[in-house]
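Work through the exercises below with the sequence and the model open side by side. Try each task before reading its solution.

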There are 2 protein chains.
Amino acid sequence: MRNLKLFSADDHIIEPAHVWQTRVPAAMRDRAPHVVEEDGLEYWEYEDQRGTTMGLNAVAGQDHRAISPDPVRFSDMMLGAYDPTQRAKDMLADGVLASVLFPTLPRFAGTLFLDFEDKDLAHACVRAYNDYVIEEWCPAGPPGLFVPTVITTLWDPVAAAAEIHRCADLGARALSFPENSVPLGLPSYWDESWNPVWQACQDRDVVLCLHIGTSGEVPKPTPEAPAMLSFTLLQVGSIISSVNLMMSPVCRAYPDLKFVFSEGGIGWLPNAIERADRMWLRHKHYSGLDDVLPSEVFRRNMYLCMIEEPVCLKYRHDIGVDRIMWECDYPHTDSTWPDSQRTANEVFDAAGVPDDEVEAISYGNAERVFNWNIADPELAFGTAVAT
Amino acid sequence: MRNLKLFSADDHIIEPAHVWQTRVPAAMRDRAPHVVEEDGLEYWEYEDQRGTTMGLNAVAGQDHRAISPDPVRFSDMMLGAYDPTQRAKDMLADGVLASVLFPTLPRFAGTLFLDFEDKDLAHACVRAYNDYVIEEWCPAGPPGLFVPTVITTLWDPVAAAAEIHRCADLGARALSFPENSVPLGLPSYWDESWNPVWQACQDRDVVLCLHIGTSGEVPKPTPEAPAMLSFTLLQVGSIISSVNLMMSPVCRAYPDLKFVFSEGGIGWLPNAIERADRMWLRHKHYSGLDDVLPSEVFRRNMYLCMIEEPVCLKYRHDIGVDRIMWECDYPHTDSTWPDSQRTANEVFDAAGVPDDEVEAISYGNAERVFNWNIADPELAFGTAVAT
């Protein structure tokens, strides 16, 4: 079995209880997120809201017969879910040498704070999360391991651009951003009010990561079906988001932007661009559209992420080998951890991927997209790592 | 170029003005659909509603630079849109020897009548449409050309089953049915209230055709985007519908049902089943699900339709060659007519499809699925056909 150098384009931080209580201005702390205990369970509270912690969020590596979506306490979770020092050990032990990180309590694209009534508090919470990631989480690993990924103030694109610049100055390489703003009650991405965000990301080479489930819409075709049906269909959000952006003015006006569809999968892409191009050619005349095909926008501005798709990875040349990145999804139930080496090797072998393409998909593409060098492979493969 | 025998799994009737006025009981006729003229335009009126006719519905073969979605009069449409004798000539001239037909005014799955206040009137309108198709439209072509496809009373599954039996007695082979009932305000397909419909279709070997756009939900991620964006994303309805049904109890309880995803395309399927199986295996334990994988349900109970997918047709062995049917989509803007022979040959050649698989996809699979023999090929290729 090859020792693969793995760059994970999608993992998740479970925020420890102190994130906002140590970083939000003191006068705001009682309304900022904090953990309370009641009847033996732990809850997040913020403003006048209370949330729960999902069991499925921190179960990587567990037997599938044991997992369930019941709420858990921090002490029930794997330590690497919320402790960055342990996370670093877990990642390196699995041969994962770089990791793009998404938030949990703020939701993957920070949309929790969009719902806050007090937008000064919300802004402070966004900054606190970003500072925590950049100042505490990322430095807990060796250089190269944790890719600083931030969120921003979605309700104010001008302030959002300023926060992107502030974080880029501190080393941020990626922005977690919603798949679609419309279901969140915001202007669409076709509206030029978002231009400050696009401009900031293009100017600072900050990658826009659009994770599944961030549009505020989860496909739920049957209310009484198990949640698994919605989990399966979450990729539809990536299809809709990518086609929307391929056809939109965004990448036509900002041709150096990079959009990543995190946890979106890869197998649907050939169909999406084949159909989008066909429709573009048939309807562009009366729709007042230009000659740049949706597929050309995809091949210039967009990237996809794969956990395990041994069947659809065979279609990589129709997708573009340079468009595909591997992801681990630690510590969620879909994660390959702690068997990333074995499962990734099996997927590459099943799809008959030659070595140069394995290198591109397992880490090379992500190094180029995020403009980021992975951690020293000796840390994973040269020394014993305690887990 | 091969002379292909083509079985189109999806074409559209534009109903002429007399359909309901000659068939609905006289006392109901003033509230049944009828055409009125105002300011030089023609409109359908029914109950207290007024609809328009979409230009894009009857433009097959037109230069794409000339088409637009503006309302048109019958006299502006191609005659074959609403005249079955001309339709037969058009089909045969293009080498199309069988054609599954969907309604237009009632919407593809007859959901217009679901919205009627007067359900007796609605029931009469469903019967009138079905009788029109079976008694007038289909006999206007040679034996084998027009496959009798009907609608039913969606608001009453027991009456719906009775209508399916009545139409099956008269020769109906297919039922146009919604992709998803939930957005239409009806119980989900996981609810056993639909069992009479499933039972009737299974007992009479009537194929359930779930056309894109029939769930009452059109993906519209950006309100101000051209309609083309929604057209492109309509296939998402097939993805959601098929995965929903693969995971549902329906085909587990009625293992001989046949579901066809009309105009749904083919290229997304390998990804859908790869992901659905993966999620099933990971979540079945706490979800209380059985061991029959979603992909097994697909390969037993479901079929897909392709207009032109030269790229994704290469994936046919991951889909199942026996699952794929060709469609013409006459007289809509996506139609291959009047170049079906050329375009189908080009698609098969681009995807490197051998002759036996060409026969299966172009007509053989559909003959088996619909239990229907195509018209005599001599009618298309042996004699000159006036158009």
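The exercises that follow concern a predicted model and go from single residues to the contact between chains.

**Exercise 1. Determine whether Gln341(A) is buried or exposed, and find what surrounds it.**

Step 1. Locate the residue: Gln341(A) belongs to helix 12 of chain A, which spans residues 340-350.

Step 2. Apply the cut-off. Buried means under 20% relative accessible area. Gln341(A) has 9% relative accessibility, so it counts as buried.

Step 3. List the contacts, leaving aside neighbours within four places in sequence. Among them are Met1(A), Arg2(A), Asn3(A), Leu4(A) and Leu6(A), as well as Asp94(A), Gly95(A) and Phe381(A).

Step 4. Look at Leu4(A) in atomic detail. A polar atom of the Gln341(A) side chain lies 2.8 Å from the backbone nitrogen of Leu4(A).

**Exercise 2. Describe the setting of strand 1 of chain A and state which strand it is joined to by 5 bridges.**

Step 1. Check burial. Strand 1 covers residues 6-12, and 7 of its 7 residues are buried, so the strand is largely enclosed by the rest of the structure.

Step 2. Find the partner. Strand 5 of chain A, residues 96-102, is joined to strand 1 by 5 bridges, and the two run parallel.

Step 3. Pick out one pair: Asp11(A) has Leu101(A) of strand 5 as its bridge partner.

**Exercise 3. Find the cis peptide bonds that lead into Pro338(A) and Pro338(B), and two residues with positive phi.**

Step 1. Recall the background. Most residues other than glycine have a negative phi, and most peptide bonds are trans.

Step 2. Inspect the prolines. In chain A, the bond from Trp337(A) to Pro338(A) is cis, with omega near 0°. In chain B, the bond from Trp337(B) to Pro338(B) is also cis, with omega near 5°.

Step 3. Place them. Pro338(A) sits in the loop between strand 12 and helix 12 of chain A. Pro338(B) sits in the loop between strand 12 and helix 12 of chain B.

Step 4. Turn to phi. Asn371(A), in the loop between helix 13 and helix 14 of chain A, has phi near 50°. Asp39(B) also has phi near 50°; its loop lies between strand 2 and strand 3 of chain B. With a relative accessible area of 75%, Asp39(B) is exposed.

**Exercise 4. Work out how chain A is related to chain B.**

Step 1. Superpose the chains. A rotation of 180° with 0.0 Å of shift along its axis places chain A on chain B, with an RMSD of 0.0 Å. That is the relation of a two-fold axis.

Step 2. Find the residue of chain A that comes closest to the rotation axis. The C-alpha of Trp268(A) does, at 2.5 Å.

Step 3. Compare the two sides. 100% of the interface residues of chain A are also interface residues in chain B, so the copies meet through the same surface.

**Exercise 5. Characterise the interface of chain A and chain B.**

Step 1. Give the area and its make-up. About 5500 Å² is buried between the chains, 61% of it on carbon and sulfur atoms. In chain A, Met228(A), Arg275(A) and Arg282(A) lose the most area to chain B, together 13% of what that side buries.

Step 2. Count the residues: 61 of chain A are in contact with 61 of chain B.

Step 3. Count the polar links. The interface has 32 residue pairs in polar contact and 6 salt bridges. One of the salt bridges is between Asp318(A) and Lys314(B), whose closest N and O atoms are 2.9 Å apart.

Step 4. Assign the chain A side to elements. Helix 6, helix 7 and helix 9 each give two or more residues. Helix 9 provides the largest share, 14 residues.

Conventions. Residues numbered from 1 in each chain as written. Chains lettered and ligands numbered in written order. Predicted model: local features only at pLDDT ≥ 70, side-chain atom pairs only at ≥ 80, totals over all residues. Heavy atoms only, no water. Helix = DSSP H or I, 4+ residues; strand = E, 2+ residues; numbered from the N terminus. Buried < 20%, exposed > 50% of the residue type's maximum accessible area, 1.4 Å probe, protein only. Polar contact = N/O pair within 3.5 Å; in protein donor to acceptor, adjacent residues only side chain to side chain. Contact = heavy atoms within 4.5 Å. Pairing = 2+ DSSP bridges. Least-squares fit on C-alpha atoms with pLDDT ≥ 70 in both. Buried area = accessible area lost by both parts, 1.4 Å probe. Salt bridge = Lys/Arg side-chain N within 4 Å of Asp/Glu carboxyl O.
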